[in-house]
Structure formats: C-alpha cells, structure tokens
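Biologist: Before we discuss any details, could you put the model on the screen and take me through how its features should be read?

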Amino acid sequence: MDSIIETQRQTHEEIERYETALYSLLSRNQPTHEIRIQTEHKAAQVLDRISSRVTTLHNSYLDDDARKAEIGALSAPAAAQNDLSEFYARLVKVQDHYNKYPDAVAGGFEMELAAILEEGNQDGLDDDYEEEDPISLLFSGEEAYGKYLDLYANHTAYNNLKNISKRLPYLQYLDILLAAQNGLLHNELSSEARATKDYEVYIQHLHDYLLSFVKRTQPLVDIQTKHQEAEVEFYQKWDNGEFADWDENKTAKRSANADGAGEGMWCSACQKSYSKKTVYDAHLTSKKHMKAIAKQAVSEIPPQNPNGTQNVTAQPASNVQLVKSRLRSSALLTYLSSSLLVVLAPTISETKSNVERRFSLTAREREQELLEQSKPPPVPTNTSGDAAAEEEEEERIYNPLKLPLGWDGKPIPYWLYKLHGLGVEYRCEICSDHVYMGRKNFDRHFQESRHAFGMRALGLPNTKHFHEITRIEDALSLAEKLKQEGRHEIFEQETMEELEDDEGNVYNRKTYEDLKKQGLI
C-alpha cells in the first residue's frame, strides 16, 4: 500500500498486537530457569519490534507534506463529487500487485506473532522430536544456561599478573569478586600491579565477559543505560580525586622510572649499551675497547650519542603520559566491573556453591548429573478436580509426632521408629555439626559426599580407619598415630623378613639388599 494513512493505521495495529503478545508472554507460568530465560528473550525481541515501529510511526507523523498530499488526493472537490478516477487508479495498482505475486501470503504478521507465542511441541505428535533451542547456544556448558559464571579464563589471567603477592585458587578468586559489593574491585592489588599492561588487558576481558553475561541472562534490563550512568559517575569521582588508591601522578612516575631503569650506560666508542656499571667498568680494560678508542681518535666522524643523554627527558615524559592513560582506562574498567559484580552477586554466590559441591562429587556422580541435566523437563499435566481433591486429602495426614514417611507416603509406625532409633541424634563435627537421625543414617553418612568433603578439607583420606570418628581433634590424632605405626611396620618388615642366597646363607632383607648392591652375593 502506498497510502501513508493506511501505513500508519497498520503500524498502530501492529503495536497493539505486539503489546498483547508481550502481556501473554510475561503472564505465562515459568516453572524452570530455562523457561524464564527463553520467555525473557522473546519478550526482549517483542520490545525491539515495538520500539522500531514506534520510531517509524513518529517519523511518518512528522512528514506533514505527505499526509496533506494523501488527504488532498482522497478528498474530491464539491464540483466533482462523482469523480472516482483516483479510486479506480488505486484499485488497478492493487490488482496488478496480486497478479504479479499470486502466491503472496496476506497474513504475514499473523505468522510472525504465532512464531513468537509458540511454546514448542504442544501437540505431542512426535515425542522423539527435539527442537533446537537457539538460546542454549548463547551459553557454555560451565554456565549451565546462565545459572553460573564461567570465570576460569579470567582466574588464570589474574594469577599471571605481575607484582601480585600470591596466586589464588578459584574459590578465593570468587570471594574477591564478591567483595566488590563493599568497595572497588581488586583493592588487594598493589598500585604497581594495577598500572601494568597485563592488568589492563585482564580487566578489559573481565568487564566484557560480565557485560555479555548480564545481557544474556537479563535481556529485559536496560544495562546499557546503567552502564553509561556508571561511566559518568566515574568521571565525576575521578575529577574530584575520590580514588586515592589510583593516584595517577605517583603511580605514573613510579612506573615510568621502572620502565626507564633498564636504559643502562652507553659506550660511545663501542657503540654499545651496558645495563650494569660493573660490566661497563670491566669492558673499559678490554682489547676491543682499546681498539675502538684508537679508531675513534683517528676517525673524523663524531660518535653517536657521545654522552648517553639523547632523548633522556623526552622518553620519561612520554612514559608518564602513557602510564597515566593506561591507569585511567584501567580504573574506569575496574569501576564498571564493580558495578556489574554488584548486579551479579547472587549468581557468583551460586557459582561458588556449585564449585564446592562439584569438588565433593566423584566422576560417576558428575556424569550422572550431566545426564539428568540433558533430559528435557517433564511436561505439566492438567489434573481434574477429583484428582486435586484426592491430593489435598493425602496431604492432610495426621502426624503429631513428626514421624518419617514410609514408602507409601504415610508415617511409619511408632514402634518401628523406636526400634531403628530414629529419635536419637548423632552429631558430626567434621560435617560442620550436621545432625543425623538414627544409627543407620549415621553409619551411611561416612561414605557420603558431605563427610568426604569435610575430610578432604582437613587433608585426610576418607578410609575405613576413620569410621565412627566425628570430632576433628580425634581425626587428626588418629592420622598422626597411623603415620607412626606405618613407619614401625616398614622397619619391622626390613628387619624381620629373611632371604636366602645361592649358597644357602640366610640374611634379613636389609642386609641381603646391602650385600647384593655391593656385589658380595
């Protein structure tokens, strides 16, 4: 259609339809994290379409000449009320269009809305069919559909920085990122470490990853506007001198002096630079230097850089400006990363918990977990009113003694509860004072992941020797005792085991091995 009025009407209709679709998306039930992320990405796409159409509609309303020309063409003068030439001219254009494109789909916008509101395989015709999820391609396996952060590459880059006090494990690195809620990020680093080029590259990569992760996991949040506000706030604080740890003058001079400290001493005769004074003094008595001095005395060409002072002042000045620019860029990226870490603080806490949990799992348990995560979530079924009433009746089970439930979902008999000792509490200090009800649960917990993680934290093996040991002090003393007994058993094995040589002489193992090494037997 060439009519600007019809185009505006159609755009208004599309905006209203998109708003209705947006309401339908956000009002859906979102039982899982994956469904919530998918819904938010679809809602973000709808908002982008609404924004583009609003911009187009605003521009068309600003074009007054086109609207007046259209209204003038549609309005016939009083003398020519029966003149339908304009109508038939436009009718011919419409007929020519559909004659040229007979297979054109009239409801293209309806199909677009249906694709946005589609919820996958709802008909259930093909249960084996798995639709490819484009949102899952945005996340790596470690991120688990946006549940956790994948900061292993940034952790490696942090440990490779210069002038850091010590290398940190991954869990402590996550604690440092969590500490950004209470202040600026990486306050534990020295000013020399923050002024290096490696730190600028590291903080740039960390900032880019955090910004990308926020955009992927929170598509409905206008993170770009918040980012610009944080940048303006940083420049105001920087100009006011509120960043005392990032004093650019002191740090720049110190870094420039460190960069220029390796210039050394220049020998005009040998045309060579020496980094140390001792090496420079030693070469003055060499034959090569003597020949160079004699050759220089005969030659009429003046030596290059005779005093070793060429560009002495220009080089440090340029170094200072370079370090100042780098320091300001690093401070800006650090401030922006700190603001992003505040938004991602719950996700970092979940990431830390997940890493601690995975450390306590065996390889088989990890594989089983990956298989369970790869299975699609169960489709919720609509239950009838009678079934819901039965479930409510089953939930209202009379259980005043708080007895554990059996295989049928009902409380076990009280005599069975007393027989198994389920009312007795067993506390384990190694498991962070966790309480186990009943002897059977207590015996089983020694082979579970919680107790194994506690033993690993103490640096002890979770063997049968430590069964029934629940106190940390007892476990450490038993480990020391086992070490001493192990040394005694090795000594007894060396002295009590007897071996016989080819002539029939009998020796203990230690004597036999000593004589054999000397070649006497």
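Modeller: What follows goes from confidence and overall make-up to one helix, a surface patch and the salt bridges. This is a predicted model, in which local features need pLDDT of at least 70 and side-chain atom pairs count only at pLDDT 80 or more, while totals for chains, interfaces and linings use all residues. Residues are numbered from 1 along each chain as its sequence is written, and side-chain values use heavy atoms, with hydrogens and water left out.

Biologist: What pLDDT does the protein chain average, and over which residues is the pLDDT below 50?

Modeller: Where pLDDT is low, the predicted coordinates should not be read in detail. The score is the predictor's confidence in each residue, from 0 to 100; the protein chain averages 79, and 81% of the residues score at least 70. Over residues 122–129 the pLDDT is below 50, and this stretch has 2 contacts in the model beyond near neighbours in sequence, a contact being heavy atoms within 4.5 Å. Residues 306–315 also stay under 50, with 5 contacts beyond four places in sequence.

Biologist: How many helices and strands are in the protein chain?

Modeller: Helices (H or I, at least four residues) and strands (E, at least two) are DSSP runs, numbered from the N terminus, and the protein chain has 22 helices and 6 strands. Of its 521 residues, 27% count as buried, where buried means under 20% relative accessible area, exposed over 50% and partly exposed in between (1.4 Å probe, protein chains only).

Biologist: Which residues of helix H6 are buried, and what covers them?

Modeller: In helix H6, residues 152–159, the buried residues are Asn154, His155, Tyr158 and Asn159. Seen down the axis of H6, these fall within an arc of 135 degrees, so they line one face of the helix; the arc is that of the directions from the helix axis to the C-beta atoms. Their cover includes helix H7 (170–178) and helix H9 (197–217).

Biologist: Which residues form a nonpolar patch on the surface?

Modeller: Patches are made of residues with over 30% relative accessible area and no salt bridge, like charges being joined within 9 Å and nonpolar side chains (Val, Leu, Ile, Met, Phe, Trp, Tyr) within 5 Å. Here Leu84, Phe87, Tyr88 and Leu91 form such a nonpolar patch, with about 400 Å² of accessible area together, by the Shrake-Rupley method with a 1.4 Å probe, where for residues only the protein chains shown count as cover. Leucine 84, in the loop between helix H3 (64–74) and helix H4 (85–100), is partly exposed at a relative accessible area of 43%.

Biologist: How many salt bridges does the structure hold, and where do arginine 36 and glutamate 40 lie?

Modeller: Side chains of opposite charge can pair when their charged atoms come close. A salt bridge is a side-chain nitrogen of Lys or Arg within 4 Å of a carboxyl oxygen of Asp or Glu, and the structure holds 16 of them. Arginine 36 and glutamate 40 meet in one (3.0 Å, N to O); both lie in helix H2 (residues 33–62), 4 residues apart, about one turn of the helix. Arginine 36 is partly exposed at 29% relative accessible area, whereas glutamate 40 counts as buried at 16%.

Biologist: Which distant parts of the chain does the pair of lysine 352 and aspartate 175 link?

Modeller: Lysine 352 forms a salt bridge with aspartate 175, the closest N and O atoms being 2.5 Å apart. This pair links lysine 352 in helix H15 (residues 345–359) to aspartate 175 in helix H7, 177 residues apart.
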